[in-house]
Every structure is written in structure tokens, then in C-alpha cells.
Amino acid sequence: MEKRKLMVIGASGKVGSATLEGLSAVHDPETTLILAGVRNVGKAEALKALPGVEVVHAEMGDPKLETTFVGVDSLFIVTPPAKDAAPSVLQTMKSAGAAGVKHVMVVSVMTAGRDSIYGRQYGFIEGGIKLLSFDYTVLRLPMFIENYYMYRDGIVSESAIYTPMHPSKPYVPVVITDAGKMAAKIMLNPHPHHGKIYKVTAPAHTLQELTAQFSAALGKEISCVRVPYETALQAYMELGFEKWQVEGVFELFHDVDNGDSIATTYSTDYENVVGAPQSDLATW
């Protein structure tokens with residue numbers, strides 16, 4: 001029997017790695033081949049260590065991908081965090097269609113289609129995938145809970161986290177491991193998920209609840225200090241983020257501040273697909 005071929009491109013990032021971990025955990029070497037497509041094979045040692053995963057060179061938007069994709073049954077395109085990501089993702093999709101890939105899934109965002117920095121870009125991607133010849137699934141992701149690791153230095157040195165977002169406003173980020181588990185589940189049996197747009201969100205919490213959890217875990221009081229958006233913009237850029245990225249994230253923060261349903265509404269898509277409860281803040 002011919003093996004099913006599953007491939008993740010953009011595999012070295014957090015979502016791609018989490019998906020490959022999910023696939024590796026349940027892989028059957030007799031029936032399934034798992035490919036991790038990365039730009040630099042030499043820097044993918046962690047992926048190479050995953051049982052059943054073969055690392056291959058695959059660069060988003062490269063016309064040569066048509067050859068790489070031949071025989072792939074299910075392809076997961078992890079959209080890169082680049083200002084001009086949409087054209088390269090669309091070219092990757094076209095290569096998948098030309099190669100005869102049966103199912104393609106792509107990472108999108110909750111605000112896809114809105115007139116915003118990320119909304120416009122991902123709206124373009126979602127529009128494109130619907131026009132091509134394969135079955136497709138869209139995985140819309142919110143902000144990541146793992147972003148809280150950025151607060152580490154402030155917690156250690158000043159017992160505080162600093163943020164421009166309103167600390168008492170609830171929102172629904174996601175644990176990256178859960179996003180990977182759901183993506184893996186879909187890739188293993190993509191047919192029921194054709195044409196679906198899924199939203200993957202953890203149960204809502206506030207930054208005040210976050211600091212309460214940190215305080216309990218660390219045995220000291222951790223405070224949440226709100227700073228002006230202008231101050232936060234400069235701080236993020238000093239950390240190496242590009243201005244467009246920060247402004248795009250701040251648009252998401254404003255959705256939280258304003259109580260926008262797109263940032264605050266919990267989705268049961270994860271439970272429905274995976275068949276297990278999603279991680280909440282305390283579990284994380």
C-alpha cells in the first residue's frame with residue numbers, strides 16, 4: 001500500500017513545529033510519511049529528532065515547489081510573519097494545485113477580511129485558497145498565550161508586567177500546542193474538514209487574571225502596569241520588531257480594549273475537531 005504523504009511548509013516556526021510534534025506522536029511508519037519543509041535544513045535539528053519526520057528544503061513561494069509537492073496528500077501552509085507574505089503563500093498554493101495536492105490547509109487570523117494590517121493580508125490569502133482546485137481548510141488563530149514569555153524580565157526584576165492593553169478586558173488567545181494538535185488531527189483525515197474555516201481559541205481571561213496566576217505560582221505579588229501605546233511601540237521596536245508588525249498587533253489589542261467580539265468570543269471548534277477540552281490559562 002502506498003504511504004500517505006503529509007507535509008508542513010513553514011515548519012520551523014512555532015505552529016509548524018507544534019503540528020509536526022502532533023503528527024509524530026501518532027505516526028505509523030507503515031502508512032504515513034511526514035515531511036517538514038524548511039528554508040534551512042541545517043538549522044532544523046529539533047525537527048529531525050522527531051520520530052517519523054523527514055526534513056526537506058522548501059521555501060515559501062519558490063516556483064520549484066511544484067516538484068516538491070508531487071505526491072503530497074495533505075499540505076499545511078504556515079503563513080510566515082512577513083509584511084509581504086500573501087503573494088508567496090498564494091504562489092505556494094498554486095504550486096500545490098499544479099502538483100495535484102489533494103488537501104491544503106493554511107494559517108489565517110481572526111480578523112481576516114477586515115480593513116486592518118493583518119486583516120487585509122489574510123483576507124487576500126483566504127480569498128485565494130477558495131479559487132484553487134484542491135480541498136481546503138482555513139485555521140484562524142488569535143494571539144498566542146506563549147507571548148507571555150516576553151514578560152519574563154519584568155516579572156523577575158520588577159514583579160510586574162507592562163502592557164498597553166487594558167488589564168481588565170477579557171480575550172481569547174490560544175496555546176500553540178493546541179493549535180498544532182488540531183492541525184495534525186485535520187491533516188490525518190482532511191475530508192470532513194473541506195471548506196471549513198475554524199477558529200482556535202482558549203477560554204477567555206484577562207491580564208489581571210494572568211498576574212493573579214503568576215502571583216500564586218511564584219509566591220509574590222505580580223502587578224499589571226498599563227503603559228501608553230506610544231511608549232509600548234518604542235519598546236517593541238527596541239526588541240527588534242518591525243513597526244508594521246507592532247502596529248498590526250496593537251490593532252488586535254484595541255479590539256480587546258473595545259470588547260470586540262472577534263477578540264473575546266470563545267469557539268468550540270477545537271473540542272469538536274479534537275474531541276478534548278482546550279487548554280485554559282491555569283493549565284498552561
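Which residues of H7 are buried? They are Ile176, Asp178, Ala179, Gly180, Met182, Ala183, Ala184, Ile186 and Met187. The model is a predicted one. Helix H7 is a good place to enter it.

H7 has 13 residues. From its first C-alpha to its last it reaches 19 Å, close to the 18 Å expected at 1.5 Å a residue. The helix packs on a sheet, so that sheet comes next.

The sheet is open and has 7 strands. Their order is E3-E2-E1-E4-E5-E6-E8, and the pairing is parallel. E3 and strand E8 (196–199) stand at the edges. Each has a single partner strand, so one side of each is left without a neighbour in the sheet. From one strand to the next, the twist averages 20°. Look at one pair in detail. E1 and E2 pair in the parallel sense over 6 bridges. Here valine 8 stands opposite alanine 36 in E2.

Now add helices to the sheet. H4 lies across E1, E4 and E5, and it runs at about 175° to E4. H7 touches E1, E4, E5, E6 and E8 as it packs on the sheet. The direction of H7 makes about 170° with that of E6.

What fills the interior? The largest nonpolar core has 33 residues. Those with the most contacts inside this core are Val8, Leu20, Leu23, Leu47, Phe76, Leu139 and Met182. Several elements each supply at least two of its residues, among them strand E1 (4–9), H1, strand E2 (32–38) and strand E3 (53–57). Strand E5 (103–109), strand E6 (135–141), helix H7 (176–188) and helix H12 (269–274) also do so. The largest share, 7 residues, comes from H7. A second, separate core has 30 residues, including Ile9, Val56, Ala96 and Ile129.

Helix H1 also feeds the largest core. H1 covers residues 14–26. At 1.5 Å a residue, its 13 residues should span 18 Å, and its end C-alpha atoms are 19 Å apart, which agrees. Where is H1 buried? The buried residues in H1 are Val15, Gly16, Ser17, Ala18, Thr19, Leu20, Gly22, Leu23 and Ser24.

Two neighbours in H1 are worth following. Threonine 19 is in helix H1. Its relative accessibility is 0%, so threonine 19 counts as buried. Leaving aside neighbours within four places in sequence, threonine 19 is in contact with Val8, Phe76, Gly180, Ala183, Ala184 and Met187. Gly180, Ala183, Ala184 and Met187 are among the buried residues of H7. Next comes leucine 20. Not counting residues up to four places away in sequence, leucine 20 touches Val8, Ala11, Ile34, Leu35, Ala36, Leu47, Leu50 and Val53. Val8 appears in the contacts of threonine 19 and in those of leucine 20.

Charged side chains make another set of links. Side chains of opposite charge can pair when their charged atoms come close. The count here comes to 10 salt bridges.

Take glutamate 59 and arginine 39. They form a salt bridge, with the closest N and O atoms 3.7 Å apart. Glutamate 59 is in the loop between E3 and helix H3 (65–68), and arginine 39 is in the loop between E2 and helix H2 (45–48). The two are 20 residues apart. Glutamate 59 is partly exposed, at 31% relative accessible area. Arginine 39 is exposed, at 63%.

Aspartate 73 and lysine 102 give a second case. Their side chains meet in a salt bridge at 3.1 Å, N to O. Aspartate 73 lies in the loop between H3 and strand E4 (74–77), and lysine 102 in the loop between helix H4 (85–99) and E5, so the pair ties together parts 29 residues apart in sequence. Is aspartate 73 buried or exposed? At 17% relative accessibility, aspartate 73 counts as buried. Lysine 102 is exposed, with a relative accessible area of 55%.

The last case reaches further along the chain. Aspartate 260 and arginine 114 meet in a salt bridge at 2.9 Å, N to O. Aspartate 260 is in the loop between helix H10 (243–257) and helix H11 (261–264), while arginine 114 is in the loop between E5 and helix H5 (117–129), 146 residues apart. Arginine 114 is partly exposed, with a relative accessible area of 32%. Salt bridges that share partners join Arg114, Asp255 and Asp260 into one network.

Note on methods:
Residues numbered from 1 in each chain as written. Predicted model: local features only at pLDDT ≥ 70, side-chain atom pairs only at ≥ 80, totals over all residues. Heavy atoms only, no water. Helix = DSSP H or I, 4+ residues; strand = E, 2+ residues; numbered from the N terminus. Expected span 1.5 Å × (residues − 1). Buried < 20%, exposed > 50% of the residue type's maximum accessible area, 1.4 Å probe, protein only. Core = buried A, V, L, I, M, F, W, Y, C linked by side-chain atoms within 4.5 Å. Contact = heavy atoms within 4.5 Å. Salt bridge = Lys/Arg side-chain N within 4 Å of Asp/Glu carboxyl O. Pairing = 2+ DSSP bridges. Axes fitted to C-alpha atoms, helices over the stretch in contact; angles between N-to-C directions.
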